[in-house]
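Hi,

Here is the structure I promised to pass on. Have a look at it first, and then read on for what turned up.

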Amino acid sequence: MRRLEGAACVVVLLWLSGCRQPPAPRADWIIRSQLVFLSADPATERAPLARNQFRLFFPYIAGDIYGSPTTGDFINPVLGADYRFEIDLNRSHAALLASLEPTDFSVPYLKITPADARVARLAPMVLQADGIEPVGRTDWLDGDSRHTLMLLYLDRPATITGKSPTVEFAIRSAAAGYVWVGSQVGSAGTVYTAMPAPAHLLLAVTTHK
C-alpha cells in the first residue's frame, strides 16, 4: 500500500510540475537592430550588399567568449527591406540552455566566478548566400558611440575577470541573463565591462571588399 501511495505522489508531483507556467518573457531580451555595411573606417558606411547576396546566421559560442561557434542558429531573424530586424531571445532560451557547456576560456588569464558558472556569447555572422564563408567581420555596434559590443549570456550571477599588460576584463552580472559588454581605453589599456543596452544598436559588417 505504501508503495502505491508513493507512486501516486510521484504522479501528482509530475503533473503539477507539468502545469507550471513558463517564465514570463523578458522585454529586454527582445532586440531590435539594423544591419549596416562599413568600410575599414567604422565611422563610414558603405552601400549594402543586396539581400540575395548574403544570409544572417546567429550561433552561440558556448563555454567561452572567443573562438568558433558551437551551436547552430536558434533565432533565424527576418531581414526587412530597410535591413532592420528583431530577435526574441525568449523564444530560443530553451535551446540555449540545452547547449551550454562548462566554461573553458581560450584566453588563459580569464577566470569566471563562481567556477561552475556557464557563459555563452551570441556571435552573429553574415555568410555567403549559398556558402559558409563570412562576407566580412560582423560586430554589434553602439550606433551613437561607434564602439563595438559583445552580448553574453550568464546562467547565474557571476563575474568574468582577467588582466594582461594591455587588456583588463571586469564583467559583472548580478543575475542570470544577458549582459552587454563594451570597452573603454584608458592609460592602463582597454577595459571590458558590463554596460546598459545601447539606445541605437547596429549589427555592422566590415566586408572583405
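The protein chain has two helices and 14 strands. Keep in mind that this is a predicted model. Of its 209 residues, 43% count as buried. The accessible surface comes to about 12000 Å², and 56% of that belongs to carbon and sulfur atoms. If you look at contacts in the chain with a separation of 6 or more, residues 24 or more positions apart account for 65% of them.

A good place to start is β14, which covers residues 201–207. Seven of its seven residues are buried, so this strand is largely enclosed by the rest of the structure. How are its two faces covered? On one side L201, L203, V205 and T207 are all buried, and on the other side so are L202, A204 and T206.

As for strand partners, β1 and β14 run parallel and are joined by five bridges. Within that pairing, L35 has L203 of β14 as its bridge partner. β8 (136–142) runs antiparallel to β14, with seven bridges between them. There, G136 is the residue opposite T207.

Next, the nonpolar interior. The largest core has 30 residues, and the members that touch the most others are L35, F54, F58, I87, L89, L122 and W140. Which strands each supply at least two residues of this core? They are β1 (30–38), β2, β4, β6 (119–122), β9 (148–154), β12 (177–186) and β14. There is also a second, separate core of 17 residues, with F105, I112, F169 and V179 among them.

F58 deserves a closer look. This residue is buried, with a relative accessible area of 0%. Setting aside neighbours within four places in sequence, F58 is in contact with G72, D73, F74, I75, P77, F85, I87, L122, P124, W140 and L203. Two names on that list come back in an aromatic cluster: F58, F85, W140 and W180 form one together.

That brings us to the aromatic rings. A pair of rings is described by how far apart the centres are and by the angle of the planes. Counting rings with centres within 6.5 Å, the model has 11 aromatic pairs. In one of them, F54 and Y83, the centres are 6.1 Å apart and the planes are at 40 degrees, so the pair is tilted. F54 sits in strand β2 (residues 54–57) and Y83 in the loop between β3 (60–62) and β4 (84–88), so the pair ties together parts that are 29 residues apart in sequence. Both partners are tucked away: F54 is buried at 6% relative accessible area, and Y83 counts as buried at 12%.

Another pair is F58 with F85, which is edge-to-face, at 5.9 Å centre to centre and with 70 degrees between the planes. Why does this pair tie together parts that are 27 residues apart in sequence? Because F58 lies in the loop between β2 and β3, while F85 lies in strand β4. F85 is buried too, with a relative accessible area of 4%.

While you are on β4, check D88, which is also in that strand. The side chain of D88 makes a polar contact with the side chain of N90, at 2.8 Å. Not counting residues up to four places away in sequence, D88 touches W29 and I30.

Finally, a few backbone details to look up:

- The peptide bond from T113 to P114 is cis, with omega near 0 degrees. P114 is in the loop between β5 (111–113) and β6.
- N76 is not a glycine, yet its phi is positive, near 50 degrees. N76 is in the loop between β3 and β4, and is exposed, with a relative accessible area of 53%.
- R146 also has a positive phi, about 65 degrees, although R146 is not a glycine. R146 is in the loop between β8 and β9, and is partly exposed, with a relative accessible area of 23%.

If you open the structure with one residue in mind, I would pick F58: the residue is among those touching the most other members of the largest core, and belongs to the aromatic cluster with F85, W140 and W180.

Best wishes

Note on methods. Residues are numbered from 1 along each chain as its sequence is written. This is a predicted model: local features need pLDDT of at least 70, side-chain atom pairs count only at pLDDT 80 or more; totals for chains, interfaces and linings use all residues. Side-chain values use heavy atoms; hydrogens and water are left out. Rings of Phe, Tyr and Trp (its six-membered ring) pair if their centres lie within 6.5 Å; planes under 30 degrees apart count as stacked, over 60 as edge-to-face and the rest as tilted. Helices (H or I, at least four residues) and strands (E, at least two) are DSSP runs, numbered from the N terminus. Buried means under 20% relative accessible area, exposed over 50%, partly exposed in between (1.4 Å probe, protein chains only). A nonpolar core is a set of buried Ala, Val, Leu, Ile, Met, Phe, Trp, Tyr and Cys residues joined through side-chain atoms within 4.5 Å. Contact means heavy atoms within 4.5 Å. A polar contact is a pair of N or O atoms within 3.5 Å; within protein, one must be able to donate a hydrogen and the other to accept it, and residues adjacent in sequence count only if both atoms are side-chain atoms. Two strands pair if DSSP finds at least two bridges between them. Accessible areas come from the Shrake-Rupley method with a 1.4 Å probe; for residues, only the protein chains shown count as cover.
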